[in-house]
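Open the structure in a viewer and keep the sequence panel visible. The tour moves from one selection to the next.

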Amino acid sequence: MMLDTLDRRIVAALERDARLSFGELAEEVGLSKTPCWKRVKALEEAGIIRGYSTRIDPARIGFGIEAFIQVSIDFEVSDAFEAAVKKHPLIRRCYATTGEADYLLQIVTVDMMALDRMLREELSRLPGVRRTVTSMAMREIKGDISFAEAAGRMVRGAQTK
């Protein structure tokens, strides 16, 4: 599904505040309530809007350490590794990657001792783990993008070619 200008405006508004009522959203994007609701439902059914969530600042609730861990595994157990990663509560994100490592994990812990314990006692024991390389996040420079804005730039870029 290609996003048109109205769809991008809807997505941008929901990216800023997913708690908008359909009336508020409709007013912001210049539609009446029913057509706006239908567009949101179409975006949900197409899988463009995957859900609604609250963004939490991990540090403010006690997770003072954020780390990125490159993981190399024995690939014949990749399904078991991925299943274990999906269940682990401290692993925020996991990406299959190219390059020297097979996966990149983003994790949070309360402090360095907890990170050390997690690496030695938990992560190293996940199925197939051969090697890990850990990088610490010092501070966040940019945490989110507007996908609606990015989609608009792609459309504008395609039109100038």
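The stops below are the sheet, the helices on the sheet, the helix pairs and the pocket.

This is a predicted model, in which local features need pLDDT of at least 70 and side-chain atom pairs count only at pLDDT 80 or more, while totals for chains, interfaces and linings use all residues. Residues are numbered from 1 along each chain as its sequence is written, and side-chain values use heavy atoms, with hydrogens and water left out.

**The sheet**

Helices (H or I, at least four residues) and strands (E, at least two) are DSSP runs, numbered from the N terminus. Select the four strands of the open sheet, which has the order S2-S3-S1-S4 and antiparallel pairing; two strands pair if DSSP finds at least two bridges between them. S2 and strand S4 (129–136) stand at the edges with a single partner strand each, so one side of each has no neighbour in the sheet. On average, neighbouring strands of this sheet are turned by 20° against each other, direction ignored.

Next, show S2 (91–96) and S3 (103–109) alone. Five bridges join S2 to S3, and the two run antiparallel. Cysteine 94 has leucine 105 of S3 as its bridge partner, and isoleucine 91 stands opposite isoleucine 107 in S3. S2 and S3 form a hairpin with six residues between them, and in the turn glycine 99 has a positive phi of about 105°.

**Helices on the sheet**

Add helix H4 (residues 78–87), which lies across S1, S2, S3 and S4 and runs at about 25° to S3. Then add helix H5 (residues 112–122), which packs on the sheet, touches S1, S2, S3 and S4, and makes about 140° with the direction of S3. Axes are lines fitted to C-alpha atoms, for helices over the stretch in contact, and angles run from 0 to 180 degrees between N-to-C directions. Contact means heavy atoms within 4.5 Å.

**Helix pairs**

Select helix H1 (residues 5–16) and helix H3 (residues 33–45), which pack at an angle of about 80° with their axes 11 Å apart. That makes H1 roughly perpendicular to H3 (65 to 115 degrees). Show side chains for Leu6, Asp7, Ile10, Val11 and Leu14 of H1 and Cys36, Arg39, Val40 and Leu43 of H3, which make the contact. By class, the contact of H1 with H3 has seven nonpolar, no polar and two charged residues. Ala, Val, Leu, Ile, Met, Phe, Trp, Tyr, Cys and Pro count as nonpolar, Asp, Glu, Lys and Arg as charged, and the others, Gly among them, as polar.

Swap H1 for helix H2 (residues 22–29), whose axis comes within 9 Å of that of H3 and crosses at roughly 95°. H2 and H3 are therefore roughly perpendicular to each other. Phe22, Gly23, Leu25, Ala26 and Val29 in H2 meet Lys33, Cys36, Trp37 and Val40 in H3.

**The pocket**

Finally, select Ser53, Arg55, Arg93, Gly143 and Asp144, which lie nearest the centre of the largest pocket among its 45 lining residues. H1 supplies the largest share of this lining, five residues. The lining divides into 24 nonpolar, seven polar and 14 charged residues.

Conventions. Parallel < 35°, antiparallel > 145°, perpendicular 65-115°, else oblique. 1 Å grid on protein atoms, 1.4 Å probe; cavity = no way out; pocket = protein on both sides within 12 Å on 5 of 7 lines; lining within 4 Å.
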